[in-house]
Amino acid sequence: MKATDAEQLALEERAAILKALAHPSRLMVVDELSRGERCVCELTELVGADMSTVSKHLSVLRDAGIVDHDKRGVKVFYRLRVPCVLNFFTCIEAIRKEKGRRALIADKAVSYTHLRAHETSLHLV
């Protein structure tokens, strides 16, 4: 079943938003903005990159509709346009925990298999 034009457009827009979030520095900025408005100078210090790099990251987030800004004198302040993006962070953390839990279970299974093989080689079984 082929997606309609409207469905395809919606999928492309979703992908663009996810792509805008798909960088550790941009995730750091969004996380920081969840605590309130920040000027570019504060975000530059947080990210630990030069002003032009941070400005580019902010431009990507702004173009995706995630952040908004306003200029006050010589300073530019950013804030989350849609705080519901933080719900996405909660979802990501749930995925990370589940992935970690599965990795732990897999590691235990591998360890058990190696232990059984070792016991067998020592004729302990």
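Let's start at the hairpin: β2 and β3 form it, with two residues between them. Gly-73 sits in that turn, and Gly-73 has a positive phi of about 65°. Please keep in mind that this is a predicted model.

Now follow the two strands away from the turn. β2 and β3, the latter covering residues 75-80, run antiparallel and are joined by six bridges. Let me call out some of the pairs. Val-67 stands opposite Leu-80 in β3, and Asp-68 is set opposite Arg-79. A little further along, Asp-70 has Phe-77 in β3 as its bridge partner.

Phe-77 comes up again when we turn to β1, since Phe-77 is also the bridge partner of Cys-39. β1 and β3 are antiparallel too, and two bridges join them.

Put the strands together and you get an open sheet of three, in the order β1-β3-β2, with antiparallel pairing. Which strands stand at the edges? They are β1, residues 38-39, and β2, residues 67-72. Each has a single partner strand, so one side of each is left without a neighbour in the sheet.

Next, what packs on this sheet? Helix α2, residues 24-33, does, and α2 touches β1, β2 and β3. The direction of α2 makes about 85° with that of β3. Helix α4, residues 51-63, packs on the sheet as well, touching β2 and β3. Its direction makes about 120° with that of β2.

Let me step back for the whole chain. The protein chain has five helices and three strands. Read from the N terminus, the elements go α-α-β-α-α-β-β-α. Of the 125 residues in the chain, 22% are buried. And if you take the contacts with a separation of 6 or more, 46% of them are between residues 24 or more positions apart.

Now to the helix pairs. As a reminder, two packed helices are described by the angle between their axes and the distance between the axes. For α2 and α4, the angle is about 70° and the axes are 10 Å apart. That makes α2 roughly perpendicular to α4. Who meets whom here? From α2 we have Ser-25, Arg-26, Val-29 and Val-30, and from α4 we have His-57, Leu-58, Val-60 and Leu-61. By class, that contact has five nonpolar, two polar and one charged residues.

The other pair to look at is α2 with α3, where α3 covers residues 40-47. These two helices pack at an angle of about 130°, and their axes are 10 Å apart. α2 and α3 are therefore oblique to each other. The crossing of α2 past α3 is right-handed. On the α2 side, the contact brings in Ser-25, Met-28, Val-29, Glu-32 and Leu-33, which meet Leu-43, Leu-46 and Val-47 in α3. Sorted by class, the residues of this contact are six nonpolar, one polar and one charged.

I'd like to finish with two residues of α3. First, is Val-47 buried or exposed? Val-47 is buried, because its relative accessible area is 17% and the cut-off for buried is under 20%. Leaving aside residues up to four places away in sequence, Val-47 touches Ser-25, Met-28, Val-29 and Val-54. Take Met-28 from that list: Val-47 and Met-28 are 19 residues apart in sequence, and 7.2 Å apart in space from C-alpha to C-alpha.

And the other residue is Thr-44, which also lies in helix α3. Thr-44 is buried, with a relative accessible area of 13%. Which residues does Thr-44 touch, not counting those up to four places away in sequence? They are Ala-49, Asp-50, Met-51 and Val-54. So if you have the structure open, Val-54 is a nice residue to click on, because Val-47, itself buried, touches Val-54, and Thr-44 touches Val-54 too.

Methods
Residues numbered from 1 in each chain as written. Predicted model: local features only at pLDDT ≥ 70, side-chain atom pairs only at ≥ 80, totals over all residues. Heavy atoms only, no water. Pairing = 2+ DSSP bridges. Helix = DSSP H or I, 4+ residues; strand = E, 2+ residues; numbered from the N terminus. Contact = heavy atoms within 4.5 Å. Axes fitted to C-alpha atoms, helices over the stretch in contact; angles between N-to-C directions. Parallel < 35°, antiparallel > 145°, perpendicular 65-115°, else oblique. Nonpolar A, V, L, I, M, F, W, Y, C, P; charged D, E, K, R; others polar. Buried < 20%, exposed > 50% of the residue type's maximum accessible area, 1.4 Å probe, protein only. Left-handed = near helix turned anticlockwise from the far one by under 90°.
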